[in-house]
Amino acid sequence: VIIYNLLQSLRLLGDASISFAKNCVDGIVANQDRIDTLLQERYPEIEAIVRYDDRTPYLKIEGESRQVEVAFMDPSALAVFDFNLVRGNPTVALENPASILLTASTATLLFGEDDPIGQRITYDDDFDLTVTGILADVPTQSHLQFEALAPIELMRRLMSEEELEGFDNYNYYTYLMLAPGANPAALEEKLFDYRLEQAEGDVAAASSYRYELQPLTDIHLTTNLRWDVSSNVDPKYLLLFGGVALLILLIAGVNFMNLATARAAQRAKEVGLRKVVGAKRGQLVAQFLGESVLLSLVAIGLAMGLTVLFLPVFRDIIGSAVAISFAEAGTIALLVGIGLSAGVLAGVYPAFYLSAFRPALVLKGEATKGRRAALLRRGLIVAQFGISVFLIVSTLTVYDQLRFVQSKTLGFDKEQVVWAPIAAPIKDSYDAFRQTLQQDPLVQHVSLAGNLPGRVNTSRGYNWPGQAEGNEEGQSFYTLLADPDLLEALGLRLAAGRNFSRERPADVEDAYILNETAARDLGYASPAEAIGQPFRAWDREMGQIIGVVEDFHFQSLHQEIGPVVLNQKPAWSWLVAFRLAPGDIAQSLTFLTAQWQRFAPGAPFDYKFLDEDFDRLYKNEAELGRLFGFFAGLAIFIACLGLFGLAAYSAERRTKEIGVRKVMGASVQDVVLLLSKEFTLLVLVGFVVAAPVAFFVMRGWLGDFAYRVDVSGWTFLIAGLAALTIAWLTVSYQSIRAARANPVEALRYE
C-alpha cells in the first residue's frame with residue numbers, strides 16, 4: 001500500500017499543458033518577453049502561454065526578513081494551472097507588477113494570525129510588494145514548488161532589458177496551453193519558422209537550436225531538458241520499488257501456500273466428510289478460495305490503517321514526504337483489486353490441492369502423503385530465501401556505493417565550509433563585510449560566488465581563436481562564478497597560471513580560469529600551454545586564460561568530470577562561502593551570525609554546510625539504500641514466519657520418528673541437525689539461484705555512476721551467511737523443542 005501511494009504521489013499538476021523547451025546544448029528553456037504576443041498571433045492552436053522563473057529572495061516584514069521561494073509567472077497561470085486561490089480575485093490577482101500571492105503556510109509564517117491581504121512586503125530591501133491573494137499550499141507531487149507567486153512583469157526590476165528582450169537570452173521556462181485537438185508535433189515544425197524570423201532569415205543561426213514540446217505530465221519522469229524546474233525521478237527506481245513490493249507480497253503468498261498445503265492433513269477429514277455428504281469439488285474450491293480472498297481483503301484494510309499510522313516513520317526512513325490519499329474511488333478500487341488478486345493467486349493451489357482428496361483415502365489417513373506438495377513447498381522456500389538474499393545483496397551494494405561517493409576525494413576540500421545566500425545589505429557593503437570577518441582567526445577565507453560544487457547548473461557560451469565557424473554564441477561550458485578568494489576557500493589547486501587578483505581590476509571582465517578537462521577540450525596538451533591564450537565569454541570582448549585548476553568534481557559522481565570555466569560576474573553572484581578555522585564550529589557560527597546581523601539587521605543567516613549540501617546529490621541513493629534495508633528486513637521477517645511454521649509442522653510430523661531415534665540413543669544435537677539440514681540445503685539453493693541475478697541487477701545499477709565500486713564477493717558471502725544464520729535461528733527453536741521432548745510422550749500410544 002505504501003509503495004502504491006508512493007507511485008501515486010508522482011502524478012503531476014494538470015494534464016492539458018505542454019512544456020515549451022529549447023533543446024540546446026546547455027539545456028536552458030528559451031523565451032523572450034515578446035514571445036506570448038508573437039506566438040499567439042501566429043499560431044491559433046496556442047490558447048495560452050505561461051512563462052516561469054524563480055528566485056529565493058529575502059522578504060522583509062516589520063524589520064524581520066525570511067528567505068522565501070518565489071515563482072514568477074504570467075497572470076494566465078491561475079487559469080492554465082489548477083492552483084487553488086483561497087482568497088483573492090484570480091482575474092486581477094497578478095495584474096499589478098507590484099503584487100504577490102502567498103501560500104497559506106507562508107502567509108501564516110510571515111503574518112501569524114493577522115490578515116495578510118493588502119499588507120506590504122519588502123523584496124530584498126529593494127522595493128515593496130502588496131499581498132493580493134492567498135493560495136493553497138502547492139501539492140508535494142507538483143514539479144512546480146514555491147511559497148509565493150509574483151507576476152512575471154516584476155522581472156523587469158530584476159533583470160536588464162537585454163536579458164528580457166534579447167532573442168538569444170533564454171531566461172524562462174515556458175508552458176503552452178494548446179487547443180483541443182492541436183498537434184504538438186506539427187506545432188514544433190511551425191516553430192522553426194518563428195525561429196527563422198527572429199534570426200532575420202539566417203538559416204544557420206535558426207538551425208543551431210530547435211524548439212521542442214514535452215507534455216507536462218511527462219516532465220517528472222522523462223524530461224528532455226538537462227535542467228528542469230525541479231529534480232526528476234528515474235523511472236527505473238519506480239519500477240524497482242514496485243517490483244520489491246511485489247516480491248514481498250509474493251513471499252507472503254508463498255507462506256500462505258506453504259502452510260496451507262503443509263497443514264492439509266488437519267483438513268483432510270473435513271474434505272472427505274463434505275464429499276461423502278454430497279459436496280462438489282467446485283463448492284470446495286470456492287470455499288477455500290473464499291477463505292483466502294477474505295483473508296487478503298481483511299489484510300488490505302489492516303494495511304491501510306497501518307499505512308496511515310506508520311506513515312511518519314516511513315517518511316523518516318526514506319527521507320521523503322510521501323503523499324497518501326485513500327479518498328479517491330480509483331485508489332480504493334485498485335487496492336481492492338490487489339487484495340482480490342493476491343487472495344486468488346495465493347489460494348488457488350491450496351484450494352485445488354485440498355479439494356482433490358479422495359474420500360476413501362482421506363478417511364484411511366492416506367490422502368496427504370503425496371510428494372508433489374512437498375516438492376512445491378521446497379521450491380517455494382527456495383524462492384523465499386532467494387528473494388531475501390537478493391534484497392540483502394542489493395542493500396549492501398547500495399550502501400557500499402553510497403559510502404564510496406561520500407568518501408571519495410573530490411579535488412576540493414568540502415569540510416569546514418559553510419555558505420549562505422547573501423542578503424542585499426551585505427552585498428552592498430561586501431568588501432567591508434569580508435575584511436571584518438577575515439580579521440578574526442575563526443574565519444580563514446570569505447568568498448562571493450554565483451554557485452558552488454554540487455550546484456553548478458549554469459553554463460555560458462565561450463569563444464576562442466580556431467573555434468568552428470558559424471558558432472557566434474560559442475561552445476557551452478559549465479560556469480563557476482567566482483571571486484579571487486574562491487580557490488582558497490574551496491581548496492582548489494592550480495595546475496598552471498595564477499588566480500584572480502583584486503590588484504588587477506581588469507580580471508573581472510577579461511580573465512578566465514579553466515579546469516584541466518576544459519583546457520584539453522580546447523586542444524592544449526598541457527595546462528601550461530593554455531596560459532595567456534585568447535578566450536572570452538560570448539557576450540564580452542576577448543580576454544585570456546590566466547590559470548588552469550586541477551580537475552575537481554563539481555557535479556555528482558554520476559557524471560564524469562566535464563569542462564568548467566571560472567570567471568567573475570559580481571552581479572550574478574548571490575552566495576557567500578566561508579572557510580572556517582579548525583576547532584569550535586559552534587563558536588565560529590555564532591560569530592558569523594553576529595556579524596551577519598550587524599551588516600544586515602533582520603536578515604536570517606540561513607547557512608548550509610558544503611559537505612552536507614554536496615551529499616544531497618545522492619539523496620536518491622540514500623533513499624534507495626534505506627528502502628532496500630527496510631524491505632530486506634521485512635522480507636526476511638515474513639520468510640522467517642513461514643519457515644518457523646514449516647519447521648513446527650515438520651517437527652510435529654516427525655514426532656514419533658524423533659521419539660524412536662531418542663530411544664535408540666540419538667542426542668539433542670543429532671535431532672537438531674536432522675531437522676535443520678533440509679532447510680539449510682534449501683536456503684543454500686536459494687542463495688545459488690539469487691546470487692547471479694543480484695550480481696547482474698546491481699552491476700546494471702552501478703553503471704549509472706561514472707565512478708563506482710565493484711560488486712564485492714564479500715557482499716555475497718555476508719548475504720549468504722546472514723540468510724543461513726537467520727534460517728538456523730528460526731528453525732533451531734522448533735528443532736530444540738522437539739529434540740528435548742520426552743520420547744515417552746511420542747510413543748505412549750504405540
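**Figure 1. Pro75 in its loop.** In this predicted model, Pro75 is partly exposed, with a relative accessible area of 30%. That value lands in the middle class because partly exposed covers whatever lies between the under 20% of buried and the over 50% of exposed. The loop that holds Pro75 runs between β5 (70–73) and α3 (77–80). Leave out residues up to four places away in sequence, and Pro75 touches Leu94 and Glu95. Another proline is worth showing in this view: the C-alpha atoms of Pro75 and Pro151 are separated by 6.4 Å, although the two residues sit 76 residues apart along the chain.

**Figure 2. Gln416 and its backbone angle.** What is the sign of phi at Gln416, a residue other than glycine? Phi is positive there, near 65 degrees. You'll find Gln416 in the loop between α14 (371–407) and β13 (417–421). Gln416 has a relative accessible area of 28%, so the residue counts as partly exposed rather than buried, a label kept for values under 20%.

**Figure 3. Helix α16 against helix α21.** Two packed helices are described by the angle between their axes and the distance between the axes. Here the pair is α16 (residues 430–438) and α21 (residues 585–599), whose axes come within 11 Å and cross at roughly 155 degrees. That makes α16 roughly antiparallel to α21, because angles over 145 degrees get that name. As for handedness, α16 passes α21 in a right-handed crossing.

**Figure 4. Side by side: the residues where α16 and α21 meet.** Which residues does α16 bring to the contact with α21? Ala432, Phe433, Thr436 and Leu437 do the job on the α16 side. Across from them, α21 offers Phe591, Leu592, Gln595, Trp596, Arg598 and Phe599. Sorted by type, the residues of this contact come to seven nonpolar, two polar and one charged.

**Figure 5. Zooming out for context.** The close-ups above come from a protein of 750 residues, of which 49% are buried. Its secondary structure comes to 27 helices and 23 strands. Take the contacts with a separation of 6 or more, and 76% of them link residues 24 or more positions apart. On the outside, the protein exposes about 34,300 Å², with carbon and sulfur atoms supplying 57% of that area.

Terms used. Residues are numbered from 1 along each chain as its sequence is written. This is a predicted model: local features need pLDDT of at least 70, side-chain atom pairs count only at pLDDT 80 or more; totals for chains, interfaces and linings use all residues. Side-chain values use heavy atoms; hydrogens and water are left out. Axes are lines fitted to C-alpha atoms, for helices over the stretch in contact, and angles run from 0 to 180 degrees between N-to-C directions. Helices (H or I, at least four residues) and strands (E, at least two) are DSSP runs, numbered from the N terminus. Angles under 35 degrees count as roughly parallel, over 145 as roughly antiparallel, 65 to 115 as roughly perpendicular and the rest as oblique. A crossing is left-handed if the near helix is turned anticlockwise from the far one by less than a right angle, and right-handed if clockwise. Contact means heavy atoms within 4.5 Å. Ala, Val, Leu, Ile, Met, Phe, Trp, Tyr, Cys and Pro count as nonpolar, Asp, Glu, Lys and Arg as charged, and the others, Gly among them, as polar. Buried means under 20% relative accessible area, exposed over 50%, partly exposed in between (1.4 Å probe, protein chains only). Accessible areas come from the Shrake-Rupley method with a 1.4 Å probe; for residues, only the protein chains shown count as cover.
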